Amino acid sequence: MPEGFVSNLYVFLLAGFLGFELIRRVSPLLHTPLMALTNALDAIVVVAAIIIAGRRGTVLSYTLGAIAVAAAFSNMVGGFLITDRMLRMFKLSGRKKP
Amino acid sequence: MNITGMDLTTVQYLTDFSYIIAIACFILSLKWLSTPATARRGVLVGEIGAGLAVLTTFFNPELVQFQWILIALLVGAIVGIPLGLVQMKAVPQRTAMSHAFGALAAALIGISEYYLHVHDLTKFQMVEISMEVIIGCLSFTGSLIAAGKLQEWLPQRPIVYKGQNFVSFSVLGAAVLAALILIFNPTAPFVFPAMVVISLLFGVMLVTPIGGADMPTVIALLNSYVGLTAALLGFVLNSKVLVVAGALDGSSGFILAVVMCKAMNRSFTNVLFGAFGQLQVSAKAAEEERTVHTATPEEAAAILASANTVLIVPGYGMAVAQAQHKVRELLDVLGKKGVDVKFGIHPVAGRMPGHMNVLLAEADVPYDKLVEMDAANSEMPQTDVALIIGANDVTNPAAKTDQSSPIYGMPIIEVDRARTVMVIKRSLNPGFAGIDNPLYYIDKTMMLFGDAKAFVSGIVKELTGGGE
């Protein structure tokens with residue numbers, strides 16, 4: 001078994017359960033921003049892509065890595081941007097402002 | 001090479017700690033997203049975490065060149081910023097595109113890992129890489145097809161043929177077979193590219209037969225797959241930050257998919273392989289003409305103005321007609337006349353989870369005016385007028401009464417229990433899923449035929465003009 005497999009499995013399991021508990025509490029009102037935000041967080045794969053694109057490798061690994069960096073980073077930038085734009089639109093009525 | 005001059009262990013520790021902080025930020029981010037009051041703080045903390053992780057990655061001692069990374073980041077920003085600025089009506093297809101990008105990135109990293117280590121891969125690593133690449137590739141093309149359907153570049157109706165499920169499963173089987181060959185012989189020529197191509201093909205075959213009305217579930221499922229891909233990539237690369245981010249994203253998509261399925265009273269298998277709404281051979285089509293009551297904007301305005309409580313039920317039709325701003329004007333003018341107006345939101349109204357809420361928020365409808373299905377139903381007997389704008393199946397009483405209906409058992413907003421029902425609709429043609437709606441023929445229903453935006457604007461004009 002590759003190094004770290006068991007500890008990764010622990011982390012996966014715990015993060016999965018934590019995810020369930022966190023997401024369950026998100027109001028259905030915000031399900032669209034939720035999807036946009038988790039997309040942006042998932043774009044953290046960009047850190048792996050950066051390493052593939054920048055470390056010693058082959059032409060293939062540079063190319064695939066660079067495309068992956070662009071794809072993931074566009075999700076990160078676009079995802080945070082649109083989540084915030086959506087959330088800014090959610091308002092309470094009239095005088096009942098928080 | 002090391003751009004900071006720090007020794008390698010120090011750099012490694014700093015990277016690890018910054019990734020741990022990033023993970024903590026992500027968890028807080030999702031926690032704060034739970035209510036609108038704290039949600040924007042959640043975005044900010046997510047940005048801080050992601051930014052920190054990206055910055056520290058630049059100090060990784062393995063990096064030997066930066067120009068391609070910087071160009072790629074620039075390209076990503078150039079593509080990502082417009083995608084973050086799309087109009088709210090385009091949010092479902094934007095979301096599908098971002099699933100495609102996420103899956104693409106993860107799949108490409110997996111592919112590149114395979115080719116870099118092909119000569120010293122263990123069986124176990126090969127299992128991980130194969131799973132990651134198969135799911136990543138199928139999510140990529142599946143999401144592209146979903147985006148194409150939502151953008152209406154592809155037909156939204158389910159595209160089906162005889163023996164489809166058998167063919168699709170054979171294709172998936174071929175991908176798994178290729179993976180098995182690779183596990184025993186990672187260097188087998190052409191098998192890896194074949195596995196990639198077959199998986200890409202399967203993604204197309206998986207989503208093509210699914211109709212537009214099922215898109216909320218499909219988008220949520222694809223979201224879950226993308227998260228799973230990222231988590232698997234974390235296993236491949238032994239990177240815990242990816243495992244956590246992927247698990248959070250995956251569980252989010254999964255929960256949303258379950259919510260959507262429950263809201264339609266259907267199972268995952270039924271959504272994926274049921275090709276909903278393909279051949280609705282309407283038994284009632286042969287039946288003699290049934291009568292409907294129609295009304296003009298003037299008549300509708302008069303009834304709305306004299307009501308005490310109005311429930312507006314929006315659906316995809318409102319999004320298509322871009323009627324939400326006119327609907328907000330209607331809310332304002334009725335509010336001035338002392339009419340209590342609420343919006344009843346069905347979980348699967350629209351094309352993605354929460355679609356209606358975002359559209360109405362865009363039109364400045366306060367979110368405390370939006371009520372969920374159960375709350376709307378419990379207030380229904382006290383509701384004077386239920387006004388349905390571009391929603392069809394989610395209000396179809398056949399879901400409760402007609403066992404032969406394909407949507408039998410689906411929870412609906414029970415507008416037929418309101419005192420008066422108004423339906424704004426282009427024509428009597430059955431809705432998207434092609435299911436006949438008995439609501440239109442009952443005595444207390446008034447059909448308001450016309451474009452949603454034009455009709456609502458007619459009502460508003462009548463109310464403002466006649467009210468002074």
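Which residue is the bridge partner of Ile312(B) in S5(B)? The partner is Leu387(B), and the pair belongs to a run of 5 bridges through which strand S2 (residues 309–314) and strand S5 (residues 385–389) of chain B pair in the parallel sense. Two strands are taken to pair if DSSP finds at least two bridges between them; helices (H or I, at least four residues) and strands (E, at least two) are DSSP runs, numbered from the N terminus. This is a predicted model, in which local features need pLDDT of at least 70 and side-chain atom pairs count only at pLDDT 80 or more, whereas totals for chains, interfaces and linings use all residues. Residues are numbered from 1 along each chain as its sequence is written, with chains lettered from A and ligands numbered from 1 in the order in which they are written.

The sheet that holds this pair is open and has 7 strands, in the order S1-S7-S6-S5-S2-S3-S4 of chain B, with parallel pairing. Strand S1 (293–294) and strand S4 (370–372) of chain B stand at its edges with a single partner strand each, so one side of each has no neighbour in the sheet.

Chain B as a whole contains 17 helices and 7 strands. Its C-alpha atoms fill a box of roughly 80 × 50 × 35 Å along the principal axes. Of its 468 residues, 53% count as buried; a residue is buried if 20 or more other C-beta atoms lie within 10 Å of its own, exposed if 12 or fewer, and partly exposed in between, with C-beta atoms placed from the backbone. Residues 24 or more positions apart account for 78% of the chain B contacts with a separation of 6 or more, where two residues are in contact if their C-beta atoms, placed from the backbone, lie within 7 Å.

Chain B is divided into domain 1 (65–273) and domain 2 (283–467), the bounds coming from an automatic or database domain assignment. Taken over C-alpha atoms, the centres of the two domains of chain B are separated by 36 Å. In the contact between them, 19 residues of domain 1 of chain B meet 18 residues of domain 2 of chain B. On the domain 1 side, H4, H8 and H9 of chain B each supply at least two residues, and the largest share, 5 residues, comes from H9(B). By class, that side has 14 nonpolar, 4 polar and 1 charged residues; here Ala, Val, Leu, Ile, Met, Phe, Trp, Tyr, Cys and Pro count as nonpolar, Asp, Glu, Lys and Arg as charged, and the others, Gly among them, as polar.

Helix H9 of chain B also contains Leu256(B). Leu256(B) is buried, with 29 other C-beta atoms within 10 Å. Not counting residues up to four places away in sequence, Leu256(B) touches His31(A) and Met35(A) as well as Ala220(B), Asn223(B) and Pro353(B).

The contacts with His31(A) and Met35(A) lead to chain A. This chain has 4 helices and 0 strands. Its C-alpha trace spans about 60 × 30 × 15 Å along its principal axes. The radius of gyration of chain A is 18 Å, while a compact globule of 98 residues would have one near 13 Å; the value is taken over C-alpha atoms, and the globule rule is 2.2 Å times the number of residues to the power 0.38. Buried residues make up 63% of the 98 residues in chain A.

Between the chains, 82 residues of chain A are in contact with 97 residues of chain B. Helix H1 (5–24), helix H2 (31–42), H3 and H4 of chain A each supply at least two residues of the chain A side, and H4(A) gives the largest share, 27 residues. The residues of that side divide into 54 nonpolar, 20 polar and 8 charged.

Helix H3 (residues 46–54) of chain A is largely enclosed by the rest of the structure, because 9 of its 9 residues are buried. These buried residues pack against helix H4 (59–89) of chain A and, in chain B, against helix H2 (36–57), helix H3 (67–84), helix H4 (91–117), helix H8 (215–237) and helix H9 (240–264).

Val46(A) and Ala49(A), together with Val45(A) and Val69(A), touch the most other members of the largest nonpolar core, which has 199 residues. Such a core is a set of buried Ala, Val, Leu, Ile, Met, Phe, Trp, Tyr and Cys residues joined through C-beta atoms within 7 Å. H4(A) contributes its largest share, 17 residues, and the core draws at least three residues from each of domain 1 and domain 2 of chain B. Leaving aside neighbours within four places in sequence, Val69(A) is in contact with Val46(A), Ala49(A), Ile50(A) and Ala53(A), and across the chains with Ile69(B), Ala72(B), Leu73(B) and Gly76(B).
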